[in-house]
Amino acid sequence: MHCQAPSIKAEDLDALDRRLIDSYQRGLPVCTRPFHTIAERLGSSEEEVLARLERLQAMGVLSRVGPVFDHARAGASLLAAVAVPEAERDAFAELINAAPGVNHNYAREEPAREHGYNLWFVMTAPDEPELEARLDDLERRLGVPILRLPMLEGYHIDLSFPIPWAELERA
């Protein structure tokens, strides 16, 4: 789970919210029904856990719930970018988002002034030949060249951290 700075107070979160956040910043169960497993461990129901996670996301406490994969071990991936006309950016983004293996896509306005690349995305595939085939196919459909930036060296950034609940309540 990734957390972001919310505009709520610590007292807006009850004990179950806090246990959910503290217990599953890492170690999300990998099974058919992970939220059922979480619920059992927390003494709750699957429906309650799902409702809490939806509420926490809506409040801005959580930005994402899901696994983080090491793509180098799970297949192939790379960062890619295209330079597209600003007026057509949303249409190009829809085409990119529909492509298999695209796991996120975002617009960048400020850097685009320097080099023109205004849509950036990560594409994954089971292996390098499939990744190249997907990129070639997408490039044909877009009609613009794709800048391909393979990862040269991987870095693990651990985004989990203890939440100082008592300290936050005093603030």
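How many helices and strands does the protein have? In this predicted model, the protein has 8 helices and 6 strands.

**Figure 1. Overall arrangement of the predicted model**. Read from the N terminus, the elements of the protein follow the order β-α-α-α-β-α-β-α-β-α-β-α-β-α. The protein has 171 residues, of which 34% are buried. Among contacts with a separation of 6 or more, 62% join residues 24 or more positions apart.

**Figure 2. Close-up of helix 3, residues 46-59**. The 14 residues of helix 3 should span 20 Å at 1.5 Å a residue, and the distance of 20 Å between its end C-alpha atoms agrees with this. The buried residues of helix 3 are Glu46, Val49, Arg52, Leu53 and Leu56. Viewed down the helix axis, these buried residues of helix 3 fall within an arc of 125°, so they line one face of the helix. In an α-helix there are 3.6 residues a turn, so residues three or four places apart point the same way. Exposed residues Glu47, Glu54 and Ala58 are on the face of helix 3 turned away from the buried side. The cover over the buried residues of helix 3 includes helix 1 (15-23), helix 2 (34-42) and strand 2 (62-64). Glycine 60, just after helix 3, has a positive phi of about 90°.

**Figure 3. Packing of helix 2 with helix 3**. The axes of the two helices are 8 Å apart, and the packing angle is about 105°. Helix 2 is therefore roughly perpendicular to helix 3, the range for this term being 65 to 115 degrees. Helix 2 contributes Phe35, His36, Ile38 and Ala39 to the contact, and helix 3 contributes Glu46, Val49, Leu50 and Leu53. By class, the residues of this contact between helix 2 and helix 3 are 6 nonpolar, 1 polar and 1 charged. Of the helix 3 residues in the contact, Glu46, Val49 and Leu53 are also among the buried residues of that helix.

**Figure 4. Surroundings of arginine 18 in helix 1**. Arginine 18 has a relative accessible area of 14%, and because buried means under 20%, arginine 18 is buried. Apart from neighbours within four places in sequence, arginine 18 is in contact with Ala10, Glu11, Leu13, Trp165 and Glu169. Tryptophan 165 is 147 residues from arginine 18 in sequence, while their C-alpha atoms are 8.2 Å apart in space.

**Figure 5. Close-up of helix 5, residues 89-98**. Arg89, Phe92, Ala93 and Ile96 are the buried residues of helix 5. Their arc, seen down the axis of helix 5, is within 105°, so these buried residues line one face of the helix. Asp90, Glu94 and Ala98 are exposed on the other side of helix 5. The packing partners of the buried residues of helix 5 are strand 3 (76-82), strand 4, strand 5 (119-125) and helix 7 (128-142).

**Figure 6. Surroundings of histidine 104 in strand 4**. Strand 4 comprises residues 102-107, and the buried residues of helix 5 pack against this strand. Histidine 104 counts as partly exposed, at 39% relative accessibility. Its contacts, leaving aside neighbours within four places in sequence, are Trp120, Phe121 and Val122. Leucine 79 is 25 residues from histidine 104 along the chain, and their C-alpha atoms are separated by 9.9 Å.

Notes: Residues numbered from 1 in each chain as written. Predicted model: local features only at pLDDT ≥ 70, side-chain atom pairs only at ≥ 80, totals over all residues. Heavy atoms only, no water. Helix = DSSP H or I, 4+ residues; strand = E, 2+ residues; numbered from the N terminus. Expected span 1.5 Å × (residues − 1). Buried < 20%, exposed > 50% of the residue type's maximum accessible area, 1.4 Å probe, protein only. Arc of directions from axis to C-beta. Contact = heavy atoms within 4.5 Å. Axes fitted to C-alpha atoms, helices over the stretch in contact; angles between N-to-C directions. Parallel < 35°, antiparallel > 145°, perpendicular 65-115°, else oblique. Nonpolar A, V, L, I, M, F, W, Y, C, P; charged D, E, K, R; others polar.
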